[in-house]
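This report describes a pocket, salt bridges, a surface patch and selected backbone features of one protein chain.

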Amino acid sequence: VAQGYAENYLFPNKIAQPATPGNIKQLDQRRSGIEKREAQRIATAHAMQEKLNGKTVTVEARVGENNQLFGSVTTAQIADAIKVQLDAEIDRKRITRTAAIKTAGSHTIEINLYRDINAELAVLVGMTEEELAADEQAAAEAVATEDAEVAEEAAAENAAVEEHEAE
C-alpha cells in the first residue's frame with residue numbers, strides 16, 4: 001500500500017495498523033487463540049455427534065385417525081425431548097427436517113452441530129419403541145399373509161389351466 005494512503009486514510013480510520021514487530025507478534029497470538037478455539041469447538045461437536053448419532057427420542061403428541069397428528073411436531077419439541085431424554089443441549093435452529101412431521105411413527109432428523117459435522121437421530125412421534133416394533137411386526141405379518149394368499153391363488157390358477165389343457 002502507498003505510504004500516503006496508509007498514513008492519511010487507513011491508520012486514522014483504524015482500518016489497518018503499521019506492521020511493527022509488536023503488532024505482528026500480537027497478530028500471531030490472536031491467530032493461535034483462534035485456532036485453539038476452533039479445535040475445541042470441533043472436538044465438542046464430534047463428542048456431541050457420538051452422543052446423538054443413531055439414538056432415538058420419543059415425542060408425545062395427540063394422534064387422530066390414520067396416524068395423523070393434531071398439528072405437527074416442532075423443532076422446539078424435539079430439542080426439549082433431546083434435552084430431557086439424552087441430556088444434551090441442542091438449539092432448535094440446528095435441527096433440520098425434510099418436511100413437517102404430521103404423522104405418528106418414526107421419523108429421521110438431522111442436527112447440524114458445527115459446520116460440516118451432523119448427527120442423525122430417530123424421532124418416535126405418538127408411540128413408544130415397543131409399539132413401533134409391534135406395528136412393524138404386524139405389517140410384516142400382513143405382507144407375509146398377503147404373499148401366501150397370492151401364491152395360493154397362483155397355484156390354484158395354474159392347476160385350473162393345466163386341468164383345462166388336459167381336457
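Helices and strands are here DSSP runs, helices of at least four residues (H or I) and strands of at least two (E), numbered from the N terminus. On that basis, Val-1 lies in the segment before α1 (3–10). The model is a predicted one.

**Surface patch at the start of the chain**

Val-1 is exposed, with a relative accessible area of 81%. Together with Tyr-5, Tyr-9 and Ile-15, Val-1 forms a nonpolar patch on the surface. The accessible area of these residues together is about 470 Å².

**The largest pocket**

Which elements each supply at least two residues of the lining of the largest pocket? They are α2 (21–52) and β5 (105–114). The largest share, five residues, comes from α2. The volume of this pocket is about 170 Å³.

The lining consists of Gln-40, Arg-41, Thr-44, Ala-45, Met-48, Glu-89, Ile-90, Asp-91, Arg-94, Leu-113 and Tyr-114. By character, the lining residues divide into five nonpolar, two polar and four charged. One of the lining residues, Glu-89, also takes part in a salt bridge with Lys-83.

**Salt bridges**

The structure holds two salt bridges, listed below with their closest N to O distances.

| Salt bridge | N to O distance |
|---|---|
| Arg-115 and Glu-38 | 3.0 Å |
| Glu-89 and Lys-83 | 3.6 Å |

The pair of Arg-115 and Glu-38 links distant parts of the chain, with Arg-115 in the loop between β5 and β6 (117–125) and Glu-38 in helix α2, 77 residues apart. Is each partner of this pair buried or exposed? Arg-115 is exposed, as its relative accessible area is 59%, whereas Glu-38 counts as buried at 18%. The cut-offs behind these terms are under 20% for buried and over 50% for exposed, with partly exposed in between.

In the other pair, Glu-89 is exposed, with a relative accessible area of 58%. Its partner Lys-83 counts as partly exposed, because its relative accessibility is 45%, a value that falls between the two cut-offs.

Lys-83 also serves as a reference point for Gly-54: the C-alpha atoms of these two residues are separated by 16 Å, and the residues are 29 apart along the chain. Gly-54 is found in the loop between α2 and β1 (56–59) and counts as exposed at 69% relative accessibility.

**Backbone with positive phi**

Most residues other than glycine have a negative phi. Where does the model depart from this tendency, and in what setting?

Asn-67 has a positive phi of about 60 degrees although it is not a glycine. Asn-67 is located in the loop between β1 and β2 (68–73) and is partly exposed, with a relative accessible area of 40%.

Arg-115 likewise has a positive phi, near 45 degrees, in a residue other than glycine. This residue sits in the loop between β5 and β6 and is exposed at 59% relative accessible area. Arg-115 thus combines a positive phi with the salt bridge to Glu-38.

Definitions and conventions. Residues are numbered from 1 along each chain as its sequence is written. This is a predicted model: local features need pLDDT of at least 70, side-chain atom pairs count only at pLDDT 80 or more; totals for chains, interfaces and linings use all residues. Side-chain values use heavy atoms; hydrogens and water are left out. On a 1 Å grid over the protein atoms alone, a cavity is a set of points where a 1.4 Å probe fits but cannot get out, and a pocket is an open set with protein on both sides within 12 Å along at least five of seven lines; lining residues have an atom within 4 Å of a point. Grid points are joined across faces, edges and corners, and a volume is the space filled by probe spheres set on the points. Ala, Val, Leu, Ile, Met, Phe, Trp, Tyr, Cys and Pro count as nonpolar, Asp, Glu, Lys and Arg as charged, and the others, Gly among them, as polar. A salt bridge is a side-chain nitrogen of Lys or Arg within 4 Å of a carboxyl oxygen of Asp or Glu. Buried means under 20% relative accessible area, exposed over 50%, partly exposed in between (1.4 Å probe, protein chains only). Patches are made of residues with over 30% relative accessible area and no salt bridge: like charges are joined within 9 Å, nonpolar side chains (Val, Leu, Ile, Met, Phe, Trp, Tyr) within 5 Å. Accessible areas come from the Shrake-Rupley method with a 1.4 Å probe; for residues, only the protein chains shown count as cover.
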